[in-house]
Amino acid sequence: MAESKTTKTTKKNKEKYVAYVSTYTMNDNHGIRIYDVDMEKGRFTEKDKVEITNSSYITVSHNGKYLYSITDLGVESYKILEDGNLELINFAPINGMRGCYLATDYTDKYLMVAGYHDGKLTVLHLRDNGGVGRITDEVFHKGLGSMADRNSRPHIASARMTHDNRYILVADQGMDHVNVYDLNKETGKVKLVDILRCDLESSPRQIKLSGNGKYIYVCLESSCKIDVYEYEFDGKNPHFEKIQTVEVVKPGGGTNFSLSALSFSSDYKYLITTVPGDNSVAIFSADQKTGLLEQKLLLPVSGDYPKDAEILPGNKFLVSLNHESNEMSFFKLDIENGTMMLNGNFVHIDTPNCIVVHKLANEG
């Protein structure tokens with residue numbers, strides 16, 4: 001029997017979201033802030049904070065039970081409680097300098113950590129209780145880049161799995177390419193199987209995949225572009241074909257424009273990137289069948305150096321993390337008409353880095 005309108009509305013009303021925001025901790029030792037999300041108003045209310053040092057990036061496991069965070073010299077794991085608060089499970093070292101990005105594989109068996117400063121990919125085993133275990137592999141990238149002022153050596157900026165859970169895609173800003181590693185699911189060891197070579201001095205930073213996993217999007221920090229690849233697995237080997245490059249904003253002319261974060265809306269219809277220097281956010285529609293992007297808007301965030309931004313589920317609101325002006329700014333969205341309007345007062349937060357909006361389990 002079909003559900004009544006009242007039943008559907010009740011279920012919708014029971015959907016609750018929290019936002020986790022990671023920060024540096026120069027002025028406050030609480031590196032993760034937790035907010036209740038008002039989905040009707042597109043606003044946050046702080047509910048808790050977590051003591052952790054320099055939480056430069058966070059991620060939630062694919063099963064939604066655990067949160068993982070970068071911290072000095074390693075990573076920390078947390079259990080996500082029913083109300084969205086966090087309970088520390090453990091700390092694990094990564095045998096290197098502080099990481100800048102982390103992600104789990106799609107079975108939540110392994111955690112990949114990207115090392116910007118030492119150019120190292122670290123893979124760690126995850127325990128059944130969500131805790132971080134031993135290092136299963138670590139790979140140092142080698143070589144010389146093309147930008148003497150910054151990218152003269154390897155700088156791994158991100159690492160994430162393809163949706164079929166076969167390969168780790170590792171963006172190296174210093175070497176201007178994306179390494180493709182096969183992940184052995186039994187041992188946690190990795191093997192280089194391909195390299196996606198980006199334009200010189202483009203600085204690939206973050207990577208996202210379409211909802212069906214067929215298309216790969218690479219954010220190019222220095223050239224302010226996004227490369228789009230079509231991905232296929234033929235039963236033996238991966239195949240990547242570049243199908244589009246879009247320019248977000250034109251760099252040069254004395255400006256210091258760059259791209260920072262890259263994220264999808266929860267329904268994968270829209271791809272968003274932030275543009276520090278220009279202090280703006282760009283939103284693209286992503287064709288579900290072809291993977292191609294079309295820019296819908298490029299507008300200011302009313303803050304300094306947007307490090308990350310997120311479209312709230314429903315695509316009616318956006319929040320921007322303005323790293324240098326120490327605040328979050330909120331907006332009402334009309335993406336198809338290309339408009340974005342301020343939505344209430346800014347919220348102060350010191351040096352915000354990364355945001356994850358997480359849906360809690362339904363009550364009842």
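This passage walks through the overall build of the protein, one of its sheets and one buried tyrosine.

The model is predicted, so local features need pLDDT of at least 70, side-chain atom pairs count only at pLDDT 80 or more, and totals for chains, interfaces and linings use all residues. Residues are numbered from 1 along each chain as its sequence is written, and side-chain values use heavy atoms, with hydrogens and water left out.

Strands dominate the list of parts: the protein has one helix and 29 strands (DSSP runs numbered from the N terminus, H or I of at least four residues for helices and E of at least two for strands). Its C-alpha trace spans about 55 × 55 × 50 Å along the principal axes. Buried residues, meaning those under 20% relative accessible area with a 1.4 Å probe and protein chains only, make up 55% of the 364 residues.

Now for the sheet. Four strands form an open sheet in the order β12-β13-β14-β15, with antiparallel pairing (two strands pair if DSSP finds at least two bridges between them). At the edges sit β12 (156-161) and β15 (190-197), each pairing on one side only. Strand β14 (residues 177-183) joins β15 over seven bridges, in the antiparallel sense, and V180 stands opposite D194 in β15.

Elsewhere, Y229 lies in strand β18 (residues 225-233). This tyrosine is buried, with a relative accessible area of 5%. Beyond its neighbours within four places in sequence, Y229 is in contact (heavy atoms within 4.5 Å) with residues including L196, R197, Y215 and F240. Y229 and F240 are 11 residues apart in sequence and 6.0 Å apart in space, C-alpha to C-alpha.

Methods:
Buried < 20%, exposed > 50% of the residue type's maximum accessible area, 1.4 Å probe, protein only.
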